[in-house]
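Okay, everyone, I'll put the structure up and talk you through it strand by strand. Shout if you lose me.

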Amino acid sequence: VYPELSVTTSFDHTNAICSGVTPVTIISEAIGGANNNWTEYEYLWSNGETTHTTTVMPEVTTTYSLTITDQTGATVSISQIVEVDPGPTATIFPDVFIVPCEGLSPDYLNFATDAEQFEHQWFGPSITNDNQFDMLIYPTVAGAYTLELTDLSTGCSNTFMANVQEI
């Protein structure tokens, strides 16, 4: 009679990751059963991996299951959830922006975000080192303006775009 086969899992750093940015490794440890060490078990993860670890980088929160079989055919299964933070959201406004005619004062682009603490940076044709970190920007040239936003509580980032037209 062999001791009961059991399994535990852990993560190499955390089970919460930023969408599409940081992989996470799920590590299993089998105990008991007919085998003497981890190399003698058969492993089957729900993503097809067949080793005692699996490294994943899902785009959305995903549950990974593992079934371990010892040499007598005894099995044990466990599941782990990898939580994915989609990053902060933002709305750039106004949603339609037109560079004013010469002689008129320029309007501004601004944004609202769900992140309580954040860092941001603007990129675009009339963005300079002097104004790239301003909340409000005053585009004077038509083109694509991009806002890169990082939620400081999670470290996750997203990019948002506004198209500025000239009349």
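Start with C18, which stands opposite D85 in β7. One thing up front: this is a predicted model, so take everything I say in that spirit. The strands behind that pairing are β2 and β7, and they pair in the parallel sense over three bridges.

Now zoom out to the sheet they sit in. In what order do its four strands come? Going across, you read β2-β7-β6-β4, and the sheet is open, with mixed pairing. Residues 16–18 make up β2, and that strand stands at one edge with β4 at the other; each has a single partner strand, so one side of each is left without a neighbour in the sheet. On average, neighbouring strands here are turned by 25° against each other, if you ignore direction.

Back to C18, since there's another reason to look at that residue. How many disulfides does the model have? The count comes to one, and C18 is half of it: C18 and C156 form the link, with their sulfur atoms 2.1 Å apart. For the geometry people, the angle about the S-S bond is -90°, which makes the link left-handed. And what does the link tie together? C18 is in strand β2, while C156 is in the loop between β12 (143–151) and β13 (157–166), so the pair ties together parts that are 138 residues apart in sequence. Just as a reminder, a disulfide is a covalent bond between the sulfur atoms of two cysteines. Are the two ends buried or exposed? C18 has 11% relative accessibility, and since the cut-off for buried is under 20%, C18 counts as buried. C156 is buried as well, at 2%.

Next, the other sheet I want to show. This one is open too, has three strands in the order β1-β3-β5, and its pairing is antiparallel. At the edges you find β1 (6–11) and β5 (53–56), each pairing on one side only. From one strand to the next, the twist averages 20°. If you want a spot to click on, six bridges join β1 to β3, and S10 stands opposite I27 in β3.

So what about the packing? The largest nonpolar core has 16 residues, and those with the most contacts inside it are Y41, Y64, L66, I68 and V82. Which strands feed it? β3 (24–31), β4 (42–45), β6 (62–69) and β7 (75–85) each supply at least two residues of this core. There's a second core lying apart from it, of 13 residues, with A90, I92, Y145 and L147 among them. The general rule here is that in soluble globular proteins, nonpolar side chains tend to be buried together.

Let's stay with Y64 for a second. Leaving out residues up to four places away in sequence, Y64 touches I26, W45, S46, N47, V56, P58, I78, S79, Q80 and V82. For contrast, have a look at S65, in strand β6. With the same kind of counting, S65 touches L44, W45, S46, I78 and S79. S65 counts as partly exposed, at 30% relative accessibility. And if you like C-alpha distances, S65 and S77 are 7.1 Å apart in space and 12 residues apart in sequence.

Last stop, the rings. The structure holds four aromatic pairs, and I'll show two that share F111. The rings of F111 and F118 have their centres 5.7 Å apart and their planes at 70°, so that pair is edge-to-face. For F111 and W122 the centres are 6.0 Å apart and the planes at 65°, so again we call it edge-to-face. F111 lies in strand β10 (residues 110–113) and W122 in strand β11 (residues 118–123), so this pair ties together parts that are 11 residues apart in sequence. Put together, ring pairs link F111, F118 and W122 into a cluster. How does burial look there? F111 and W122 are both buried, with F111 at 4% relative accessibility. F118, on the other hand, counts as partly exposed, at 25%.

That's my tour, so over to you for questions.

Definitions and conventions: Residues numbered from 1 in each chain as written. Predicted model: local features only at pLDDT ≥ 70, side-chain atom pairs only at ≥ 80, totals over all residues. Heavy atoms only, no water. Core = buried A, V, L, I, M, F, W, Y, C linked by side-chain atoms within 4.5 Å. Buried < 20%, exposed > 50% of the residue type's maximum accessible area, 1.4 Å probe, protein only. Contact = heavy atoms within 4.5 Å. Pairing = 2+ DSSP bridges. Axes fitted to C-alpha atoms, helices over the stretch in contact; angles between N-to-C directions. Disulfide = S-S within 2.5 Å. Phe/Tyr/Trp six-rings, centres within 6.5 Å; stacked < 30°, edge-to-face > 60°.
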